[in-house]
Amino acid sequence: MEVKKIGLACDHAGFPLKKFILGYLEEKGYPVQDFGTYSDESVDYPDFAHPLAEAIESGEVYPGIAVCGSGEGMAITLNKHQGVRAGLAWNKDIAQLIRQHNDANVLVLPGRFIDNKTAGIILDEFFKATFEGGRHERRVNKISCK
């Protein structure tokens, strides 16, 4: 996957895992734009998901990574944006498939349900996988409502 600048967003429940992810990305040499949150103080995940989604749509960042407690709130919010294909992954196989079959441009992680080691494995697989195109491209092209 060609990386431009990785967009990163989380809510309070995802903040501990986001701290790990920041270190992981820095160690790999990936540039990052952090959309927050910056502590474990209670916040509303849409306040961070929407700016990440807008940056994905504008081409300012690619890909994105989002974390909340279950991952579902971030995924639902991100996928309201026409240019976003956010996929929730909790293991390496799902991370691979959301890239290969769905051309996911945002990886969403469930911060309360995976540990740092698992997150690192998922991130490695997401960055390694590429979109297969073919029959999957036809399907991806049917996702947008516009």
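**Exercise 1. Place helix α5 on the sheet, then describe the sheet itself.**

Solution. In this predicted model, α5 lies across β1, β3 and β5, and its direction makes about 165° with that of β5.

Step 1: the sheet is open, has five strands in the order β2-β1-β3-β5-β4, and its pairing is parallel.

Step 2: β2 and β4 (86–88) are the edge strands, each pairing on one side only.

Step 3: on average, neighbouring strands are turned by 20° against each other, direction ignored.

Step 4: helix α1 also packs on this sheet, where it touches β1, β2, β3 and β5 (106–110) and runs at about 160° to β1.

**Exercise 2. Work out which strands flank β1, and state whether its residues are buried or exposed.**

Solution.

Step 1: β1 (residues 6–10) is joined to β2 (residues 32–34) by three bridges, and the two strands run parallel. Within this pairing, Q33 of β2 stands opposite G7.

Step 2: the connection from β1 to β2 passes through helix α1 (residues 15–28), giving a right-handed β-α-β crossover.

Step 3: four bridges link β1 to β3 (residues 64–68), again in parallel. Here G7 has G64 as its bridge partner, while C10 faces V67.

Step 4: five of the five residues of β1 are buried. One side carries I6, L8 and C10, the other G7 and A9, so both faces are covered.

**Exercise 3. Classify the packing of α4 against α5 from the angle between their axes.**

Solution.

Step 1: α4 (residues 92–100) and α5 (residues 116–128) have axes 8 Å apart, at an angle of about 25°.

Step 2: angles under 35 degrees count as roughly parallel, and therefore α4 is roughly parallel to α5.

Step 3: the crossing is right-handed.

Step 4: α4 contributes K92, A95, Q96, I98 and R99 to the contact, and α5 contributes I121, I122, E125 and F126.

**Exercise 4. Do the same for α1 and α5, and list the residues that make the contact.**

Solution.

Step 1: the two axes come within 10 Å and cross at roughly 50°.

Step 2: α1 and α5 are therefore oblique to each other.

Step 3: α1 passes α5 in a crossing that is right-handed.

Step 4: on the α1 side the contact is made by L17, F20, I21, Y24, L25 and K28; on the α5 side it is made by N116, A119, G120, L123, D124 and F127.

Terms used
Residues numbered from 1 in each chain as written. Predicted model: local features only at pLDDT ≥ 70, side-chain atom pairs only at ≥ 80, totals over all residues. Heavy atoms only, no water. Buried < 20%, exposed > 50% of the residue type's maximum accessible area, 1.4 Å probe, protein only. Pairing = 2+ DSSP bridges. Right-handed = clockwise from strand over helix to strand, strands pointing away. Axes fitted to C-alpha atoms, helices over the stretch in contact; angles between N-to-C directions. Parallel < 35°, antiparallel > 145°, perpendicular 65-115°, else oblique. Left-handed = near helix turned anticlockwise from the far one by under 90°. Contact = heavy atoms within 4.5 Å.
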